Amino acid sequence: MTSMKELRKHYGMSVAFAVLMVALGYHLDGWAGASKTAILAMIEISMSVDNAVVQAGILRTWDDVWRRWFIVFGMPIAIIVPRFVLPFEIVATATDQSFMDTWRMASTNPAEYAAAVASVHHEISAFIASLLFIVAARYFVNAEKDVHWFGTVEHYLARLGVHMTHWVTFGLVVMLIMVLWASHLPEEQQMSVVIAAAAGVATYGALDILKNWMGGGEDVASHIVKQGVVGVLYLEALDASFSLDGVGAALAISDNIYVVGAGLAAGCAFVRSTTLHLLESGAMTKLRYLEHSAFAAIGVLSVLVAIGIVHEVSEWLTGTLTTGLIVLGVMHSVAHNRLHPEDVEQMG
């Protein structure tokens, strides 16, 4: 059982940082700013729990040096790049403005900036849905996977992995689905959505190719490159996919980009603390279905984001479903461990 000492160790700094961000929200917009900062932090946490589990699952195979490197330096990158820099750059490209002009627009005319973000919502969603769908599909459609959470369904998906082994196959499936789904949009939006979906597939493919190209040898240099360069790129791309759509949703709660930034940063700090806690507690090995539930949540998230291209989907619904799957995975893991304690000893 997790002690209060462990909780303070892993989440003490996150709590202090969250209090600081809420205080910043109060400074920016009074009690309304403080409450919006807290709400944004809770939404970020609920929508990123699966991200923390997946990251912990990847990081547990790394050595301590690169693991710590990602935790220390990956957090600032994850806060700044996908939650601030990337949205500004996307809006700047879509509106044919410079990055600094977009920043000034967000600072001086937040309503116009929110409208600009909303104008590229379809494209952002198509990118995210495509990338995350392949991430989830390649986990379940895997012939080497022998532990199944939902036996019959996962066993069938694993058998498909005999025939679907390359990311290009998954990419073609995704593109076919997105082309058909884009047909529900007005004609002037269809091509941009399909291009954005192709960019999501290409991003996954580029990272996969880079991983295979650089991870071939067993010497020290290739080990460092595989963990320190490709691994970080993959984790940051995955984190960006989780956070980009949340930025658009956050602007619906507050049009003050500094309040939005404070709320998302507070939530991101908790996600990083959760990742570190999962790593150090050994939960990734003790809870056999935790990783399954995280990738299932990613699959559900990709579907909901794709639906959001055509129909509005509540962020609260998305957060509840994805978090609920994680909780269900933990409960099933605990139940399994009680019935089969020998499995816990074997994994330990």
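This is a short talk on a few helices, salt bridges and aromatic pairs in one structure.

Okay, a word of caution before anything else: what you have in front of you is a predicted model.

Let me start with helix 10, residues 257-281. How far apart are its end C-alpha atoms? They sit 36 Å apart, and at 1.5 Å a residue the 25 residues of this helix should span 36 Å, so the two agree. As for its surroundings, 21 of those 25 residues are buried, so helix 10 is largely enclosed by the rest of the structure. Just after the helix comes G282, and its phi is positive, near 75 degrees.

Right, salt bridges. How many does the structure hold? Two. One joins R104 and D101 through their side chains, at 2.5 Å from N to O. Both residues are in helix 3, residues 99-108, and being three residues apart they are separated by about one helical turn. The background here is that an α-helix has 3.6 residues a turn, so residues three or four places apart point the same way. Now, buried or exposed? R104 is partly exposed, with a relative accessible area of 44%, and D101 is partly exposed too, at 31%.

The other bridge is K145 with E154, where the closest N and O atoms are 2.3 Å apart. Here the picture changes. K145 has a relative accessible area of 10%, so with the cut-off for buried at under 20%, it counts as buried. E154 is buried as well, at 2% relative accessibility. So that's a bridge between K145 and E154, with K145 buried and E154 buried.

On to the rings. The structure holds six aromatic pairs, and I'll take you through a couple. Take W103 and Y258: their ring centres are 6.2 Å apart and the planes are at 75 degrees, so this pair is edge-to-face. What does that pair tie together? W103 lies in helix 3 and Y258 in helix 10, so the pair links parts that are 155 residues apart in sequence. If you're following along, that takes us back to helix 3, the home of R104 and D101, and to helix 10, where we began. In terms of accessibility, W103 counts as partly exposed at 29%, and Y258 is partly exposed at 39%.

Then there's Y139 with F295, with ring centres 4.1 Å apart and planes at 5 degrees, so this pair is stacked. Y139 lies in helix 5, residues 121-140, and F295 in helix 12, residues 290-310, so the pair ties together parts that are 156 residues apart in sequence. Y139 counts as buried at 15% relative accessibility, and F295 counts as buried at 8%. F140 joins in here too: Y139, F140 and F295 form one aromatic cluster.

That leaves the two helices carrying the stacked pair. Two packed helices are described by the angle between their axes and the distance between the axes. So how do helix 5 and helix 12 cross? Their axes come within 8 Å and cross at roughly 150 degrees. Angles over 145 degrees count as roughly antiparallel, and helix 5 and helix 12 are therefore roughly antiparallel to each other. One last detail for anyone rotating the model: the crossing of helix 5 and helix 12 is left-handed.

That's my tour, thanks.

Terms used
Residues numbered from 1 in each chain as written. Predicted model: local features only at pLDDT ≥ 70, side-chain atom pairs only at ≥ 80, totals over all residues. Heavy atoms only, no water. Helix = DSSP H or I, 4+ residues; strand = E, 2+ residues; numbered from the N terminus. Expected span 1.5 Å × (residues − 1). Buried < 20%, exposed > 50% of the residue type's maximum accessible area, 1.4 Å probe, protein only. Salt bridge = Lys/Arg side-chain N within 4 Å of Asp/Glu carboxyl O. Phe/Tyr/Trp six-rings, centres within 6.5 Å; stacked < 30°, edge-to-face > 60°. Axes fitted to C-alpha atoms, helices over the stretch in contact; angles between N-to-C directions. Parallel < 35°, antiparallel > 145°, perpendicular 65-115°, else oblique. Left-handed = near helix turned anticlockwise from the far one by under 90°.
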